[in-house]
Amino acid sequence: MAEHDDKGFFDRLGEILNTPLPGTKTAAAPPTESTETGDEGLLERIRDILSTPLPGTTVPGTATPGGAQAAEVQAQPPAQNEQPGAAGPPQDLSSPRPEIRQPAEQMAPAAPDLSEAALNEDWWRRDWEDFKAHQAEENRGFDMKQEQDRANFAAFQDQEKRRFAAHQQQEGDMFRQHQQRKLNAWRQHQEALKSGRLAPPPPFMAPPGRTFPSR
């Protein structure tokens, strides 16, 4: 009889251990019938111990009926007109504030004084004297180049003036020749009128490609 009771106790204990934890089972397992009131009390205590969730592993509201709905309601954000029940997430006070973060590489060192009068050493004065002589030499070269450029430009302008003067002289000579022909034709016309001849010949035509203003 004792062996039968021990076997039934261990079978029921195995069923309790195989029962899923609260919140993970889909359907409640049918309760087992107990024959001894002492064993039933022990099983209840074991079931209570196994049903108690570990600290920090459960969401508030899931251990009671309707816990999932309570968790969903708690997870919803507060309405626009409602004040939140708790403050926001805790801030990490160990990290420095953004406005006081100043990396060392962003702090530029002060520029050293590199003027001519910074040091009174001989090597310092010699370096500055050599540098000033170098700049004076470059200034002389620049002045010579400017003078040469001005001379070249003056020669170019003089050449352009001579070319334009020759063009004007050529046009003047051609205009005088044209006027001489017109004058000769006019004189012939006058002589023909005086002698009573027929109408004078047509006016002189300018050469092709050349036009002159008429009076």
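This passage describes the fold, the nonpolar core and the aromatic pairs of a predicted model.

The chain contains 4 helices and 0 strands. Read from start to end of the sequence, the helices give the pattern α-α-α-α. Of the 215 residues in the chain, 6% are buried. The surface exposed by the chain comes to about 19,700 Å², and 57% of this area is supplied by carbon and sulfur atoms. Among the contacts in the chain with a separation of 6 or more, 45% are between residues 24 or more positions apart.

The largest nonpolar core has 5 residues in all, namely F9, L13, I16, L43 and I46. Two elements, α1 (2-18) and α2 (37-51), each give two or more residues to this core. The most is given by α1, which provides 3 residues. Contacts of I46 illustrate how core residues meet: when neighbours within four places in sequence are left aside, I46 is in contact with L13 and I16. Both of these partners are members of the core, as is I46.

Aromatic side chains were examined next. The structure holds 2 aromatic pairs. In one of them, the ring centres of W123 and W124 are 5.5 Å apart and the ring planes stand at 85°. Planes over 60 degrees apart count as edge-to-face, so the pair formed by W123 and W124 is edge-to-face. The two residues of this pair fall into separate burial classes. W124 has a relative accessible area of 13%; since buried means under 20%, W124 is classed as buried. W123 has a relative accessible area of 42% and is partly exposed, because this class covers values between the 20% limit for buried and the 50% limit for exposed.

The other pair is made by W128 and F131, with a distance of 6.0 Å from centre to centre and an angle of 90° between the planes. This pair is likewise edge-to-face. Both W128 and F131 belong to helix α4, which spans residues 122-195. Within this helix they are 3 residues apart, or about one turn. W128 is partly exposed, at a relative accessible area of 24%. F131 also counts as partly exposed, with a relative accessibility of 40%.

Definitions and conventions
Residues are numbered from 1 along each chain as its sequence is written. This is a predicted model: local features need pLDDT of at least 70, side-chain atom pairs count only at pLDDT 80 or more; totals for chains, interfaces and linings use all residues. Side-chain values use heavy atoms; hydrogens and water are left out. A nonpolar core is a set of buried Ala, Val, Leu, Ile, Met, Phe, Trp, Tyr and Cys residues joined through side-chain atoms within 4.5 Å. Buried means under 20% relative accessible area, exposed over 50%, partly exposed in between (1.4 Å probe, protein chains only). Contact means heavy atoms within 4.5 Å. Accessible areas come from the Shrake-Rupley method with a 1.4 Å probe; for residues, only the protein chains shown count as cover. Rings of Phe, Tyr and Trp (its six-membered ring) pair if their centres lie within 6.5 Å; planes under 30 degrees apart count as stacked, over 60 as edge-to-face and the rest as tilted.
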